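The following paragraphs lead the reader through a single structure, from individual residues to helix pairs and the chain as a whole. Please keep the sequence and the coordinates at hand while reading.

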Amino acid sequence: MAVNLVNVEAVSKVYGTRTLLDGISLGVSEGDRIGVVGRNGDGKTTLIRMLARLEEPDTGRVTHNGGLRLGVLTQHDSLDSKATIRHEIIGDMADHEWAGNAKVRDVLTGLFGGLDLPGFGQGLDTVIGPLSGGERRRIALAKLLIAEQDLLVLDEPTNHLDVEGIAWLAGHLQVRRSALVCVTHDRWFLDQVCTRMWDVQRGAVYEYEGGYSDYVFARAERERIAATEETKRQNLVRKELAWLRRGAPARTSKPRFRIEAANALIADVPEPRDRSELMRFAGARLGKTVFELEDVTVEAGPKTLLKHLTWQLGPGDRIGLVGVNGAGKTSLLRALATAARTEGETQPAAGKVTVGKTVRLAYLSQEVGELDPSLRVLEAVQRVRDRVDLGKGREMTAGQLCEQFGFTKEKQWTPVGDLSGGERRRLQLLRLLMDEPNVLFLDEPTNDLDIETLTQLEDLLDGWPGSMIVISHDRYFIERTTDTVMALLGDASLRMLPRGLDEYLERRARMIEAAAPAPAPAAPAKEKTAGDQRAQKKELQKIERQLNKISDRETNLHAQIADNATDFEKVAKLDAELRELIAERDELEMRWLELAEDV
């Protein structure tokens, strides 16, 4: 029977006049893999902070199993800015010790691309202070994964990881023995890693079996049963359910829903997008030409990112753009945006970009644009436009679109300066769509957005007639909103991938394998004489005597440390001597193995 690790009993938490959690009772046992979802601000982070006892509940209690080894990744790291990466991740392990540890090698390679930490000027000896938030977060995650825990509590672990990093982390957690509680908006990741879901909604937590796909099915069924009228059933969950049920790519978790109930729910739900109709509408808005690139070279400073690129973005094309960091994804969008802004007068380093005469581009960059902090949310949107035409006869007022993006009527009167990072991101995206563009460039649009807002954005984009390029590490969002995946693989070219992100990961794995240095050819074996063999046997016997002496000394040191447990200064000296002795023993044992094999 699985051992219970954490118990949450009748826990409540109130902030100001708002009840985040109301009488919650939950448990985490050995082997549990729990994903936590819910809208931003509904209490996901508060719940896991109380679970980890980083925050106290107002009522109720949280108990941990005695001796619980708990690892927590929070939104803000506690790394020493003056320390090196080596000090924080490796600690005082000797080089031969950590380099011989399969787990350490796996974590460093998976999160940093190699044991020498390419991308960090001084490798492991890089000082942490000047590093970016994303780099610090990867270091904190690596430090956590190298240690041994009974329970891992992770708050947004996929932030600042690329597609490969997220795929590696999912694989690592799948085979790890520790239990897991994870808050993330990455739905593909939830499907790969989790076997249970907690949905935090309006003070309550609903539990579901299975990963994210199973949760969507089960939630839709629960809402169907609870509904008292047909309009209650017309919700975004049914649309996403239809997409999942009809063969969404990369759904690998075993379904735990009732097939007949799912089919009944989606019988009248059309495909998410009518591609042919959208293409016709986009063609009417854009004409034949959107962006045409001929023999284009894109540079960033002295580095050439793309060369001899001939490609076109046509009316209605929906492209997911993936690639290694630094390959030029953002630089390509910037080059196209610059050409559009200057009506083709500004060109890249070489080649030609032709921009369609009717192109009306909206570009969501990774940086959140600054707005007057005193403006109210609704005012910030109305300054762009009061009403927006969404195509196919759909029209929305600024207030209605605000509500669709999670800004309730009360929230619409909040000053922009009081919004969180995720809310500002939503507002920035909303203002772009209000301007009625016919071409969208979205660079990491999912940053800071909760799952409910993401599904609303996906629903909005389903009926949006225009051309679109999306850069995202959120695999689910790319598969859901785009029709074609193209990749920058770091070789200055752009490739279409018919099999999408699975093909991208396969290609990257082959490239990394091909780039790995070939093992040095073994030197021809020297013929061994009888004298050589006698010398090796003598050295073997000598090493065995040394190892026996070291073993006796180790036993003696352990006894001295126990006898002087209250004399910290003496214990520190004895411990230092013990570490040196262990290092010496390891070297001798390696030499003994080499000799024993030869003899």
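Leaving aside residues up to four places away in sequence, Thr 453 touches Arg 39, Phe 405 and Arg 426, where contact means heavy atoms within 4.5 Å. This is a predicted model, in which local features need pLDDT of at least 70 and side-chain atom pairs count only at pLDDT 80 or more, while totals for chains, interfaces and linings use all residues. Residues are numbered from 1 along each chain as its sequence is written, and side-chain values use heavy atoms, with hydrogens and water left out.

Thr 453 belongs to helix H17, residues 451–462; helices (H or I, at least four residues) and strands (E, at least two) are DSSP runs, numbered from the N terminus. With a relative accessibility of 1%, Thr 453 counts as buried. Buried denotes under 20% relative accessible area, exposed over 50%, and partly exposed the range in between, for a 1.4 Å probe and protein chains only. One of the contact partners, Arg 426, is 27 residues away from Thr 453 along the chain, and the C-alpha atoms of the two are separated by 8.3 Å.

A second buried side chain is that of Trp 98, in helix H3 (residues 95–99). Its relative accessibility is 7%, so Trp 98 counts as buried. Beyond residues up to four places away in sequence, Trp 98 touches Arg 86, Ile 90, Met 93, Val 104, Arg 105, Leu 108, Leu 115 and Leu 124.

Val 104 also takes part in a helix pair. Helix H4 (residues 102–112) packs with helix H5 (residues 133–146) at an angle of about 160°, their axes being 10 Å apart. Axes here are lines fitted to C-alpha atoms, for helices over the stretch in contact, and angles run from 0 to 180 degrees between N-to-C directions. H4 and H5 are therefore roughly antiparallel to each other, given that angles under 35 degrees count as roughly parallel, over 145 as roughly antiparallel, 65 to 115 as roughly perpendicular and the rest as oblique. In this pair, Lys 103, Val 104, Val 107, Leu 111 and Phe 112 of H4 meet Arg 138, Ile 139, Leu 141, Ala 142, Leu 145 and Ile 146 of H5. By class, the contact of H4 with H5 has 9 nonpolar, no polar and 2 charged residues. In this classification Ala, Val, Leu, Ile, Met, Phe, Trp, Tyr, Cys and Pro count as nonpolar, Asp, Glu, Lys and Arg as charged, and the others, Gly among them, as polar.

What is the angle at which helix H6 (residues 163–175) and helix H19 (residues 500–515) pack? The angle is about 90°, with the axes 11 Å apart, which makes H6 roughly perpendicular to H19. From H6, Val 163, Glu 164 and Ala 167 meet Leu 501, Tyr 504, Leu 505, Arg 508 and Ile 512 of H19. The contact of H6 with H19 has, by class, 6 nonpolar, no polar and 2 charged residues.

Helix H1 (residues 44–51) is largely enclosed by the rest of the structure, because 6 of its 8 residues are buried. Those buried residues are Lys 44, Thr 46, Leu 47, Ile 48, Met 50 and Leu 51. After H1, in the loop leading to strand S4 (59–64), comes Arg 53. Most residues other than glycine have a negative phi. Arg 53, although not a glycine, has a positive phi of about 60°, and with a relative accessible area of 44% Arg 53 is partly exposed. Glu 156, in the loop between strand S6 (151–155) and H6, likewise has a positive phi, near 55°. Glu 156 is buried, with a relative accessible area of 7%.

How many disulfides does a search of the whole structure find? The search finds 0 disulfides, a disulfide being a pair of cysteine sulfur atoms within 2.5 Å. For Cys 182, the closest cysteine sulfur is that of Cys 194, at 5.6 Å, which is too far for a bond. Cys 182 is buried, with a relative accessible area of 1%, and Cys 402 counts as buried at 0% relative accessibility.

Finally, the chain as a whole. The protein chain has 21 helices and 20 strands, and buried residues make up 49% of its 599 residues. Among contacts between residues at least 6 apart in sequence, 69% join residues at least 24 apart.
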